[in-house]
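Below is a brief report on aromatic pairing, a surface patch and the nonpolar core. Please keep the model in view while reading.

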Amino acid sequence: MSLNDPKWGKGSGDNRGGDGNQGPPDLDELWRDFNRRLSGMFGKTPGRGGGSGDGDGGGSKFPEFNSRQFGGGIGLIAAFAAVIWLASGFYIVDASQRGVVLQFGRFQESTEPGLRWRLPYPIQSHELVNLTGVRTVEIGYRGSERNKVLKEALMLTDDENIVNIQFAVQYVLKDPQQYLFNNRNADDSVIQAAETAVREIVGKSKMDFVLYEGREQVAANAQKLTQDILDRYATGIQVSKVTMQNAQPPEQVQAAFDDAVKAGQDRERQKNEGQAYANDVIPRARGAASRLIEEADAYKGRVVAQAEGDASRFKQVYTEYAKAPEVTRQRMYIETMQQVFSNTSKVMVDSRGSGNLLYLPLDKLMQSTASPAASAPVAEALPQAGRPAAAAESNISPPRVDALSGEARSTRESIRNRERGER
């Protein structure tokens with residue numbers, strides 16, 4: 001049908017009872033049809049005012065509303081909305097989570113993993129808290145060690161030095177109620193507690209201990225102290241680990257600090273070298289001292305023993321001397337001379353013998369001085385020097401000094417008497 005048709009959209013009585021293809025459906029008729037169907041769903045029958053309208057002028061062009069029919073439709077909608085509202089109270093708690101039910105914003109209960117139901121909003125609401133997820137906060141840097149936060153990183157040590165410390169704190173949640181209601185921002189709480197703990201520990205430690213010797217100990221103590229602070233404020237947070245990322249002096253004094261470190265290393269090296277030298281020399285000196293002490297003790301024992309023996313022998317000689325003075329004196333003289341001549345080489349030459357050349361074998365004499373047993377070849381070497389036979393046959397050879405006897409003593413006396421006669 002063309003839109004230019006003058007009968008299009010007109011609701012005349014002829015068209016109402018005629019063929020439906022002559023125009024679009026009437027809105028009033030649609031509304032009445034909707035009311036009839038809705039009333040049929042609730043078991044109601046349409047009223048008289050809801051007829052088809054026969055064109056006698058008794059019907060109204062507008063629909064007649066029935067309060068009971070309208071109330072039945074609203075009830076169905078309300079029931080459907082109530083079901084949806086009650087179903088909104090169901091929620092699922094994962095195995096790694098805990099549910100916290102709030103009633104008008106106040107804590108009501110904590111629920112375990114599984115399918116749970118609560119009163120729908122706005123009476124009750126719920127919060128899901130992950131208890132197994134590890135969370136990390138960074139102190140002294142953000143993201144990378146190059147992105148330093150000097151306000152957090154610079155700390156003062158006990159020996160009044162400044163160090164730059166960067167560390168990270170890992171934590172999990174242990175109490176969802178405390179975590180949700182006792183602090184506003186968990187990360188800020190952990191950062192402030194960890195920074196406070198580390199500053200306290202560093203302030204009681206030396207610079208070398210913080211930078212080199214005790215980094216692991218500082219981290220362990222910081223973890224314990226941070227946990228104590230968080231438990232004191234009932235934050236529901238469990239600190240898993242504190243990791244020292246970097247610890248060094250500030251950049252402004254890095255060069256001077258490196259020089260100081262090298263000087264300290266050189267000092268330690270020289271101390272070690274000196275200690276090694278001392279460990280080498282001192283034991284040898286102690287050994288030499290012990291040897292000298294032992295030798296001195298041995299010499300002392302030998303001298304004391306010898307002195308004691310001499311004293312004992314002197315006492316024995318004195319006893320014998322008291323019994324026979326003359327014999328003892330003569331014996332002592334003979335023994336003394338024997339001891340003297342045993343250590344001396346002598347050559348006796350007859351000065352009255354005629355000879356043109358006198359040859360003394362000095363090398364033989366020196367050997368005889370070194371060894372008294374070599375005195376015999378001296379007398380044998382004199383005749384080979386070409387001296388006269390008379391001189392060779394004279395009393396040139398000295399008696400053996402190692403066995404001084406009465407014959408040797410008589411020979412010596414005869415030589416002395418001859419010299420006196422010549423004078």
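## Aromatic pairs, patch and core

The structure holds two aromatic pairs (Phe, Tyr or six-membered Trp rings with centres within 6.5 Å; planes under 30 degrees apart are stacked, over 60 edge-to-face, the rest tilted). F107 and F181 form an edge-to-face pair, because their ring centres lie 6.1 Å apart and their planes meet at 75°. The pair links distant parts of the chain: F107 sits in strand β3 (residues 106–111) and F181 in helix α5 (residues 176–181), 74 residues apart. Helices (H or I, at least four residues) and strands (E, at least two) are DSSP runs, numbered from the N terminus.

This is a predicted model; local features need pLDDT of at least 70, side-chain atom pairs need 80 or more, and totals for chains, interfaces and linings use all residues. Residues are numbered from 1 along each chain as its sequence is written, and side-chain values use heavy atoms, without hydrogens or water.

Partly exposed means between 20% and 50% relative accessible area (buried is under 20%, exposed over 50%; 1.4 Å probe, protein chains only).

| Residue | Relative accessible area | Class |
|---|---|---|
| F107 | 26% | partly exposed |
| F181 | 37% | partly exposed |
| L86 | 40% | partly exposed |

L86 belongs to helix α3.

Now the core. The largest nonpolar core (buried Ala, Val, Leu, Ile, Met, Phe, Trp, Tyr and Cys joined through side-chain atoms within 4.5 Å) has 38 residues. I165, F167 and V169 touch the most other members. Helix α6 gives the largest share, nine residues.
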